[in-house]
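Trainee: Got a minute to walk me through a structure I've never looked at before?
Mentor: Sure, pull it up and ask away.

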Amino acid sequence: MNAAATRRERRAARTVREVRLTEASTLLAGADARAALALHGTPLMLLEPDRVRTQYRRLRDALPFVRFHYAVKALDHDAVLSVLADEGCGFDVAGTEELTAVREHGVSPERIIHTHPVKKPSEIADAVRAGVRTFVVDNPAELAKFAGLGPRIGVLVRLAYRSPHAKSDLSSKFGVGPFEAAHLIEQALAQGTRIAGFSFHVGSQLDDPQRFGDAVAETLALMDRLQAVYPVRFDTLDIGGGFPVAYEKPVASIEAVAAVLRPLLEPRRRELDIIAEPGRVLVAEAMTAVTSVVGVAERADGRWYYLDDGVYGAYSNVIAEDAHPLLFAEKELGAGEEAVEVHRWATLAGPTCDSADVIAREVLLPDLGPGDFVVSPAMGAYTVVTASRFNGRPAPRVVVIGSAPESGSMDAVAAPHAEGLRVRTGAQTVAPALT
Ligand SMILES: Cc1ncc(COP(=O)(O)O)c(C=O)c1O
């Protein structure tokens, strides 16, 4: 990269940082967040369901002919399920527990798809019993499990597209190429199973709209070829998830990805039910992590701060996804980073006794002491859901900030991570939009 491009990239990253700092400042200054922190202490995850609603509406407006199914695995909190159920969004589940959680929000089975390509027969039976009719397969053994289930079940064949630039290239674990896809069609015809169409996942956090577009184009071309050869008529195209999030640097916006996909998909909208399974893009920005400094030590490599949550908790995304969450000291909020005079490089570690429990190294922070808060924005996706109980620590508590989902249904349902207070207020946190 030349010097000008490097300068441009640094400037853009600074802008993301400034926007995230403003958002966190507004959130932490609010009465709701202060009350929640006073009541529960840290670690605490502040969840703003209204931001999920906003993201859903952006997706829907950008691709109005696509039916979105939220990938519950990204964050299965009841407030998220409630707000999306209320908006009319569909759901993508990966197992019986997620299916049960979604059904408890009164979502009808036609709005639910089961996309795990490898399932226990009992999971298929649970989902069929609940009324789910769309499933995904990517191998003959899996397809064989659908023999005898009848034509009301529509099976999608998952294709694999390599996405080395994605944070998580899912094609190494799941999906088939065109040749194997043809074999699965033959098997389905022989066993009397209806192949409804195809699905793929371009890779999570893929900042490459063209790659997404290529996957759509290749899949449509394959569907046309297979329909010409076999006595099949496909009715569904599932374009998966993958929409990226501006964590610490800018990425293609929802609208930019949609601009590439729309001309490819729109001409097929009458012939195909076009569906998608976004996860991260709906929830990442809706949750902010607040931790406290527990201890401070000077080591050979400089200052270390030990926080009350780490990579075995909500910062599990650091390990699982190679995420680099922004880390602000509370002192920097409001006044801005420049207002704090002394900054020093520090290592931020989690609370367990494991040396792998390091959230970030070489973070420029003001001097901190025990009890000071550290704040990470955009911590909604693949964080608390992948947290473990290592060292006996429970996953961090999630509290809901802002107005309640309009249906208000979540109060009636036990929330997996929300034993705590539900803060209700009319006041919304307002921050400049990033993308
Ligand atoms: C089958 C499937 N669908 C959807 C998603 C959601 O992807 P993303 O969060 O990148 O939108 C995932 C993520 O792993 C997935 O495995």
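Mentor: We'll start with the whole protein, move to the ligand, and then pick out some single residues.

Trainee: Anything I should know before I start clicking?
Mentor: This is a predicted model, where local features need pLDDT of at least 70, side-chain atom pairs count only at pLDDT 80 or more, and totals for chains, interfaces and linings use all residues. Residues are numbered from 1 along each chain as its sequence is written, and side-chain values use heavy atoms, with hydrogens and water left out.

Trainee: How many helices and strands are there in the protein?
Mentor: There are 12 helices and 16 strands. Those are DSSP runs numbered from the N terminus: helices are H or I with at least four residues, strands are E with at least two.

Trainee: And what share of the residues is buried?
Mentor: Of 435 residues, 55% are buried. Buried means under 20% relative accessible area, exposed means over 50%, and partly exposed is in between, using a 1.4 Å probe and protein chains only.

Trainee: What about contacts between residues at least 6 apart in sequence?
Mentor: Of those contacts, 70% join residues at least 24 apart. A contact here means heavy atoms within 4.5 Å.

Trainee: OK, the ligand. Which residues come nearest?
Mentor: His201, Ser204, Glu277, Arg280 and Tyr382 come nearest, out of 15 residues around the ligand. To count as near, a residue needs a heavy atom within 4 Å of the molecule or strand in question.

Trainee: What classes are in that shell?
Mentor: The shell has 4 nonpolar, 6 polar and 5 charged residues. Ala, Val, Leu, Ile, Met, Phe, Trp, Tyr, Cys and Pro count as nonpolar, Asp, Glu, Lys and Arg as charged, and the others, Gly among them, as polar.

Trainee: Which ligand atom does the side chain of Asp92 approach?
Mentor: A nitrogen atom of the ligand, at 3.3 Å from an N or O atom in the Asp92 side chain. Arg280 uses a backbone N or O atom, 2.8 Å from a ligand oxygen. Tyr382 has a polar side-chain atom 2.5 Å from an oxygen atom of the ligand.

Trainee: How much of the ligand does the protein bury?
Mentor: The protein buries 91% of the 390 Å² that the ligand exposes when taken alone. Accessible areas come from the Shrake-Rupley method with a 1.4 Å probe, and for residues only the protein chains shown count as cover.

Trainee: Switching topic: where does Arg20 sit?
Mentor: Arg20 is in helix H1, residues 3-29. Its relative accessible area is 0%, so Arg20 is buried. The Arg20 side chain makes a polar contact with the side chain of Glu285 at 2.8 Å. A polar contact is a pair of N or O atoms within 3.5 Å; within protein, one must be able to donate a hydrogen and the other to accept it, and residues adjacent in sequence count only if both atoms are side-chain atoms.

Trainee: Is Ser199 buried or exposed?
Mentor: Ser199 counts as buried, because its relative accessibility is 2%. It lies in strand E7, residues 194-200. Leaving out residues up to four places away in sequence, Ser199 touches Val136, Leu156, Val157, Arg158, Leu159 and Asp238. Arg158 is 41 residues away along the chain, yet the two C-alpha atoms are separated by 4.6 Å.

Trainee: What about Leu261, where is that?
Mentor: Leu261 belongs to helix H10, residues 254-265, and is buried at 0% relative accessible area. Among the residues Leu261 touches, not counting those up to four places away in sequence, are Leu63, Phe212 and Ile239.

Trainee: Which residues does the cis peptide bond join?
Mentor: Thr42 and Pro43, with omega about 0°. Pro43 is in the loop between helix H2 (31-40) and strand E1 (44-47). For background, most peptide bonds are trans, and most residues other than glycine have a negative phi.

Trainee: So what is phi for Gln205?
Mentor: It's near 55°, a positive value in a residue other than glycine. Gln205 lies in the loop between E7 and helix H9 (209-229), and counts as buried at 10% relative accessibility. Asn391 also has a positive phi, near 65°. Asn391 is partly exposed, with a relative accessible area of 38%.
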